[in-house]
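The following exercises concern the packing of helices and the nonpolar interior of a protein chain. Please examine the sequence and the structure before attempting them.

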Amino acid sequence: RGGKAGRALTSRREELRRDTLQSEMLRLAGQHGGRITIIEAVSALAITPEEAKDALDGLAVRGLADFEVTDSGIVVYVFRDLQHLDDKHQSKGLLE
């Protein structure tokens with residue numbers, strides 16, 4: 001029951017959830033100076049570690065985040081653009 005339309009709706013819902021979760025990750029990373037760990041995402045957003053990792057990995061695949069690893073082995077997702085948002089008032093035209 002539901003067939004193709006049902007699968008399309010389920011797929012669309014999953015896509016919206018993923019996009020929403022990634023937006024929340026970006027907001028959270030902005031609050032943490034452009035650096036976030038899986039455990040910070042889990043505790044702030046009440047999601048599972050797997051959901052947090054999938055969302056953060058998705059942002060990294062899209063080129064929005066890089067990985068760094070602490071000496072103790074903790075993976076830190078680094079959002080370089082978020083770290084430099086204060087510089088936006090210094091922007092100039094491409095031909096300037």
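Three exercises on this predicted model follow, each with a worked solution.

**Exercise 1.** Determine how helix 1 and helix 3 are oriented to each other.

Solution. Two packed helices are described by the angle between their axes and the distance between the axes. The axes of helix 1 and helix 3 (residues 49-61) come within 9 Å, and they cross at roughly 80 degrees. Angles of 65 to 115 degrees count as roughly perpendicular; helix 1 and helix 3 are therefore roughly perpendicular to each other. Helix 1 contributes Arg-17, Leu-21, Gln-22, Met-25 and Leu-26 to the contact, while helix 3 contributes Glu-51, Ala-52, Ala-55, Leu-56, Gly-58 and Leu-59. By class, this contact has seven nonpolar, two polar and two charged residues.

**Exercise 2.** Decide whether Gln-22 is buried or exposed, and identify what Gln-22 touches.

Solution. Gln-22 lies in helix 1 (residues 3-31). Its relative accessible area is 3%. The cut-off for buried is under 20%, so Gln-22 is buried. Leaving aside residues up to four places away in sequence, Gln-22 touches Ala-55, Gly-58, Leu-59 and Arg-62.

**Exercise 3.** Identify which residues touch the most other members of the largest nonpolar core, and which helix supplies its largest share.

Solution. This core has 17 residues, of which Met-25, Ile-36 and Phe-79 touch the most other members. Helix 1, helix 2 (38-45) and helix 3 each supply at least two residues; the largest share, five residues, comes from helix 3. For Ile-36, the contacts beyond four places in sequence are Leu-28, Ala-29, Ala-41, Leu-56, Val-75, Val-76, Tyr-77 and Phe-79.

Definitions and conventions: Residues numbered from 1 in each chain as written. Predicted model: local features only at pLDDT ≥ 70, side-chain atom pairs only at ≥ 80, totals over all residues. Heavy atoms only, no water. Helix = DSSP H or I, 4+ residues; strand = E, 2+ residues; numbered from the N terminus. Buried < 20%, exposed > 50% of the residue type's maximum accessible area, 1.4 Å probe, protein only. Contact = heavy atoms within 4.5 Å. Axes fitted to C-alpha atoms, helices over the stretch in contact; angles between N-to-C directions. Parallel < 35°, antiparallel > 145°, perpendicular 65-115°, else oblique. Nonpolar A, V, L, I, M, F, W, Y, C, P; charged D, E, K, R; others polar. Core = buried A, V, L, I, M, F, W, Y, C linked by side-chain atoms within 4.5 Å.
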